Amino acid sequence: MKRTQLKRTQLKRSALYLALLMGAAVAVAPYLMTLNSALKEPSRVLTTPAWEPAFPATLGNFAKVWSEYDMAGFLLHSLVYAGAVTIGQVVFSTMAAYAFGRMSFPGRDALFWGYLATMMVPQIVTLVPLFLIMRELGLIDTYLGLILPTAFGTPYGIFLVRQYFRTIPRDLESAARIDGGGTWTVLTRVVLPLSRPILATLATITFITTWNTLLWPLIITNGDAVRVVTLGISALKGQYSSQYHLILAAAALALLPLVVIFLLFQRHIVRSIALTGLK
């Protein structure tokens, strides 16, 4: 009986691992195809299947898109934009989440759920009012115009961090207050050190989402002064012709920072999911 159960367990585990490998292959395949096609000669991009190996491989597409289309500038603008929004989101979402999750004040729950309900409002609804506000402030085609609308926290970020804060034992907070610690001391010396996984998760999600944003940068910018990488890639696609070999090379370059960010913080993301039960 034990051997039979052991074999069944091994079969189930093998089937699970096989399913996970297949899922991983499906998820990673588009990125590998993009990189593979970006290494092909321009004449072979559309004449050969995407999965056919790039042989002989060439770096000419990367060199051209880097030197002739200011890809370095686009990447720098995106880095400043995504980095500033990420810092703002982590700081302000943390403070708001602590207020909603650990402090008591009149109307706290009604205010929180009312704010959370704004997640149901489509972005397109607020696009025109935001643009008019930025225009009146003289922030069109500036970094501030890009950053301000999302730098002070979002309902999703506040909800994510609040739910994590609620899992921290209140005894730790009470002990800090008995020792004379105020609200700011409790937040910075007790809560935040225990919340590194969720803060890393929020930072990763925010950075990737902001890096991939196209609509708001398209509306708020009208030149190359602060043009981000998503706009730079879209500019390579013309009305009558598109340079697909350059688009693929630019997409591969834009993907590299996201891969690095994910690899650096993946351990914290997995830990935060395990601790909070998020799915």
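In the predicted model, the accessible surface of the protein chain amounts to about 16,800 Å², and 68% of this area belongs to carbon and sulfur atoms. Buried residues account for 35% of the 279 residues in the chain. With regard to charge, the protein chain carries 23 positive and 11 negative charges, and the mean positions of these two sets lie 19 Å apart.

The secondary structure of the protein chain consists of 13 helices, with zero strands, and the order of elements along the sequence accordingly reads α-α-α-α-α-α-α-α-α-α-α-α-α. The radius of gyration of the protein chain is 24 Å, whereas a compact globule of 279 residues would have a value near 19 Å. Along the principal axes, the C-alpha trace spans about 75 × 70 × 30 Å. Of the contacts in the protein chain with a separation of 6 or more, 72% are accounted for by residues that stand 24 or more positions apart.

The unreviewed UniProt entry lists residues 15-33, 79-100, 112-134, 140-161, 198-219 and 244-265 under "transmembrane region". Two of these annotated segments were examined in the model. Over residues 244-265 the chain is 100% helix and 0% strand, with the end C-alpha atoms 32 Å apart. Over residues 140-161 the end C-alpha atoms are likewise 32 Å apart, but there the chain is 55% helix and 0% strand.

Helix α7, which comprises residues 155-165, is mostly covered, in that eight of its eleven residues are buried. The buried positions of α7 are P155, G157, I158, L160, V161, R162, Y164 and F165. Two of these residues, Y164 and F165, also recur in the surroundings of S195, which touches Y164, F165 and I168 when residues up to four places away in sequence are not counted. S195 itself is placed in the loop between α9 (183-194) and α10 (196-211). This residue is classed as buried because its relative accessible area is 0%, the cut-off for burial being under 20%. The C-alpha atoms of S195 and I168 are separated by 8.7 Å, although the two residues are 27 residues apart along the chain.

A second serine was considered in helix α1, which runs over residues 2-38 and contains S37. With a relative accessibility of 7%, S37 also falls under the 20% limit and therefore counts as buried. Once its neighbours within four places in sequence are left aside, S37 is in contact with V45, A50 and L248. One of these partners, L248, lies within the annotated segment 244-265, for which the model gives 100% helix.

The arginine R170 is found in helix α8, which covers residues 170-178. R170 is partly exposed, because its relative accessible area of 45% falls between the limits of 20% for buried and 50% for exposed residues. Not counting residues up to four places away in sequence, R170 touches G101 and R102. The C-alpha atoms of R170 and Y69, by comparison, are separated by 54 Å, the two residues being 101 residues apart along the chain.

Key
Residues numbered from 1 in each chain as written. Predicted model: local features only at pLDDT ≥ 70, side-chain atom pairs only at ≥ 80, totals over all residues. Heavy atoms only, no water. Helix = DSSP H or I, 4+ residues; strand = E, 2+ residues; numbered from the N terminus. Rg over C-alpha atoms; globule rule 2.2 N^0.38 Å. Buried < 20%, exposed > 50% of the residue type's maximum accessible area, 1.4 Å probe, protein only. Contact = heavy atoms within 4.5 Å. Areas by Shrake-Rupley, 256 points an atom, 1.4 Å probe, with all protein chains shown as cover. Lys, Arg positive; Asp, Glu negative; His and termini not counted. Charge placed at Lys NZ, Arg CZ, Asp CG, Glu CD. UniProt positions renumbered as here; feature names shortened; annotations may be inferred.
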